[in-house]
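Please look at the sequence and the three-dimensional structure shown below. The explanation that accompanies them moves step by step from the strands to the helices and loops.

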Amino acid sequence: MRPPYLLLDIDGVFLPFPDEHGSTPATHARHDVVPAGRSADDPVTVWLHPDHGRLLTDVIRTGLVTPVWCTSWRQDATTLIGPLLGLPDLPHVDLPRPQITTSHPNGYLWKRDHVDAWLADAPVVWIDDDFTGLDHDWAAERTASGMPTLLVQPDPHLGLQPEHLTQVSRHGARSLPTARAA
Ligand SMILES: [Mg+2]
């Protein structure tokens, strides 16, 4: 059995939201990046945790999951954010660009229909801060249909925590044939 995909969101996961005072976590380092299509004199400020790259690399090296960016940063995840985290070049899900004003135009995460088609019947661990109850229902239905599906949902004001990656490794290990037979 192939390892599950590990789908990685960025905003609210690696890049926590500012608090009500506009402050970002003291644990994170600020960087300026210039996304594709943007002028070099108009950079975007991001803040990233210096340990996240190492923690995620440790998970990737186990071979238990196949990491793929799944974010509205699209290719910029690979070219801008990944290198700042010290990650190898990871592929990305080529998400559509719907004209929407909410993350949940149909009551569930806007990425989900595209991801569902992209995954086909593959197992997955998906880290995103923006799932709704309907997304958790979808995950339960996929799992019940023999496609192990784990949604990991950080608090967007805190972002990714070490225990989230522990959940990822556990799910990956459970998807191994030996673990399933045990
Ligand atoms: Mg997000």
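The following paragraphs describe the sheet, then the core, the helices and some individual residues.

The structure is a predicted model. A good place to begin is the sheet. Strands of a sheet pair through backbone hydrogen bonds, either parallel or antiparallel. Here four strands form an open sheet in the order β4-β1-β5-β6, and the pairing is parallel. Strands β4 (residues 66-69) and β6 (residues 149-152) are the edges, each pairing on one side only. From one strand to the next, the twist averages 15°.

The pairs of strands may now be taken in turn. Strand β1, residues 5-8, runs parallel to β4 and is joined to it by four bridges. Within this pair, Leu7 has Val68 of β4 as its bridge partner, and Leu8 has Trp69 of β4. Strand β1 also pairs with β5 in the parallel sense, over four bridges. In β5, Val125 stands opposite Leu6, while Ile127 is the bridge partner of Leu8. Leu8 thus has a partner in β4 and another in β5. The remaining pair is that of β5 and β6, again parallel and with four bridges; in it, Ile127 is partnered by Val152 of β6.

The next matter is where the side chains of these strands point. In a regular strand the side chains alternate between the two faces of the sheet. Which residues of β1 lie on each side? Tyr5 and Leu7 are on one side of β1, Leu6 and Leu8 are on the other, and all of them are buried, with both faces of the strand covered. Strand β5 can be read in the same manner: Val124 and Trp126 point one way, Val125 and Ile127 point the other way, and all are buried.

These strands lead to the nonpolar core. In soluble globular proteins, nonpolar side chains tend to be buried together. The largest nonpolar core of this model has 30 residues, and Leu6, Leu7, Val125 and Ile127 have the most contacts inside it. At least two residues of this core come from each of β1, β3 (residues 44-48), β4, α2 (residues 75-85), β5, β6 and α5. Leu6 illustrates how separate parts of the chain meet: leaving aside neighbours within four places in sequence, Leu6 is in contact with Val65, Thr66, Pro67, Val68, Val125 and Val168.

Attention now turns to the helices. Helix α5, residues 162-174, packs on the sheet and touches β1, β5 and β6. The direction of α5 makes about 175° with that of β6. Two packed helices are described by the angle between their axes and the distance between the axes. For helix α1 (residues 52-61) and α5, the angle is about 10° and the axes are 10 Å apart. Angles under 35 degrees count as roughly parallel, and α1 and α5 are therefore roughly parallel to each other. At their contact, Leu55, Leu56 and Val59 of α1 meet Pro162, Leu165, Val168 and Ser169 of α5. Val168 has thus appeared before, among the contacts of Leu6.

Helix α4, residues 133-144, offers a check on helix length. Its twelve residues reach 16 Å from the first C-alpha to the last, close to the 16 Å expected at 1.5 Å a residue. After α4 comes Gly146, which has a positive phi near 90°.

Some individual residues complete the picture. His52 lies in helix α1. Is His52 buried or exposed? A residue is buried if 20 or more other C-beta atoms lie within 10 Å of its own; because His52 has 22 C-beta neighbours inside 10 Å, it counts as buried. Not counting residues up to four places away in sequence, His52 touches Phe14, Leu85 and Leu160. The C-alpha atoms of His52 and Gly86 are separated by 8.8 Å, although these residues are 34 apart along the chain.

Two loop residues deserve attention for their backbone angles. Arg74, in the loop between β4 and α2, has a positive phi near 45° and is a residue other than glycine. With 18 other C-beta atoms within 10 Å, Arg74 is partly exposed. Ala120 is found in the loop between α3 (residues 112-119) and β5. Its phi is positive, about 55°, although Ala120 is not a glycine. Ala120 has 7 other C-beta atoms within 10 Å and is therefore exposed.

Conventions
Residues numbered from 1 in each chain as written. Predicted model: local features only at pLDDT ≥ 70, side-chain atom pairs only at ≥ 80, totals over all residues. Pairing = 2+ DSSP bridges. Axes fitted to C-alpha atoms, helices over the stretch in contact; angles between N-to-C directions. Contact = placed C-beta atoms within 7 Å. Expected span 1.5 Å × (residues − 1). Core = buried A, V, L, I, M, F, W, Y, C linked by C-beta atoms within 7 Å. Buried ≥ 20, exposed ≤ 12 C-beta atoms within 10 Å, placed from the backbone. Parallel < 35°, antiparallel > 145°, perpendicular 65-115°, else oblique.
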